[in-house]
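I open this notebook to record what I looked up in the structure, one topic per entry.

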Amino acid sequence: MRRLRKVLVTVIVVEPIIRCILASGGHGYAYYTFSRCDGLAWGALLATETRLHRLLDRGDRAKRWWRKLGTPLFISGGVFMVASVTVTSLRLGGLFTAALMLGACPIFFSGAIAFVLTHHDSLASKVLRIRPLCFFGDISYASYLLHLYVLSSYDKIAGPLRSGATGPFLLRAATVLVVTTIVCYSSLHLFERPVMALRTRFLA
């Protein structure tokens, strides 16, 4: 776990630098998955820290450290977002702007998540524990992977939408949301959780 943490921190530091170098040279590779791994590394780092140090528990030294780190991460991520907008206004290049924003978003949201994990009595933590939000959190990754396929299938079946037609657009949005939710809920119980159970069985 600790070795993994070092690897994740390295990715978090190095990846934005590589992305900005690629973007400043005009390379579209800055948009590709291998140039956007720092967001995944932030999420894995928070998950690792939560498992190692139980950030949701009280009294742990690591929790106190992350408690102090969450707010600065949140603020610095917001500053980077504003900076990326400033870069856009200076016309320094769309790729470089995207590279900055792709670095800012993980910092911003990781700070917010760290704050919520270490301030479980806060209003934000209580709101995020509402059952509907927990449900959509459980299916969020499958939704991220599948929603575009559901959207594309709907468009192929229903045909193109006329510009300004509010009713058909609302029907499209509602249908895609419902179908995506059903598919992702089925995936959670029929595929994801059984696979995770196998993982714990083999690694135990």
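Before the entries, I set down one cut-off: a residue counts as buried under 20% relative accessible area, as exposed over 50%, and as partly exposed in between. I also note that the model is predicted.

**Entry 1: overall make-up**

I looked up the secondary structure and found eight helices and zero strands. Along the sequence I read the pattern as α-α-α-α-α-α-α-α. The protein has 204 residues, and I find 30% of them counted as buried. For the accessible surface I noted about 13800 Å², with 70% of that area belonging to carbon and sulfur atoms. I then turned to contacts with a sequence separation of 6 or more: 64% of these join residues 24 or more positions apart.

**Entry 2: helix α1**

I checked the length of α1, residues 2–24. Its 23 residues should span 33 Å at 1.5 Å a residue, and the end C-alpha atoms lie 34 Å apart, so the two values agree. I recorded a kink of about 25° at V14, shortly before the proline P16. The buried residues of α1 are L8, I12, E15, R19, L22 and A23.

**Entry 3: the largest nonpolar core**

Which residues make up the largest nonpolar core? I listed 10 in all: L8, I12, A41, W42, L45, L46, W66, L73, I107 and A114. The elements that contribute two or more residues to this core are α1, α2 (37–53), α3 (61–89) and α4 (94–118). I note that α2 gives the most, with four residues. I followed one member further: leaving aside residues up to four places away in sequence, A41 touches L8, V11 and I12. Of these partners, L8 and I12 are themselves listed in the core, and both are buried in α1.

**Entry 4: aromatic pairs**

I counted five aromatic pairs in the structure. One of them joins F108 and F109; their ring centres are 5.1 Å apart and their planes stand at 90°, so I entered the pair as edge-to-face. I looked up the accessibility of F109 and found 48%, which makes this residue partly exposed. F108 and F109 also belong to one aromatic cluster together with F74.

I next examined F135 and Y185, whose rings form a tilted pair, with 5.9 Å centre to centre and 40° between the planes. This pair links distant parts of the chain: F135 sits in helix α6 (residues 131–138) and Y185 in helix α8 (residues 166–203), 50 residues apart. Are its two members buried or exposed? F135 has a relative accessible area of 29% and is partly exposed. Y185 is at 41%, and because that value falls between the 20% and 50% limits, I entered Y185 as partly exposed too.

**Entry 5: helix α7**

I measured nothing by hand here and took the computed values for α7, residues 140–158. The helix has 19 residues and reaches 26 Å from its first C-alpha to its last, close to the 27 Å expected at 1.5 Å a residue. I recorded a bend of about 45° at L146. Within α7, I noted A142, S143, V150 and Y154 as buried. Just after the helix, G159 takes a positive phi of about 85°.

Definitions and conventions:
Residues are numbered from 1 along each chain as its sequence is written. This is a predicted model: local features need pLDDT of at least 70, side-chain atom pairs count only at pLDDT 80 or more; totals for chains, interfaces and linings use all residues. Side-chain values use heavy atoms; hydrogens and water are left out. The expected span of a helix is 1.5 Å times one less than its number of residues. The bend at a residue is the angle between axes fitted to the seven residues ending there and the seven starting there. Buried means under 20% relative accessible area, exposed over 50%, partly exposed in between (1.4 Å probe, protein chains only). Contact means heavy atoms within 4.5 Å. Accessible areas come from the Shrake-Rupley method with a 1.4 Å probe; for residues, only the protein chains shown count as cover. Rings of Phe, Tyr and Trp (its six-membered ring) pair if their centres lie within 6.5 Å; planes under 30 degrees apart count as stacked, over 60 as edge-to-face and the rest as tilted. A nonpolar core is a set of buried Ala, Val, Leu, Ile, Met, Phe, Trp, Tyr and Cys residues joined through side-chain atoms within 4.5 Å.
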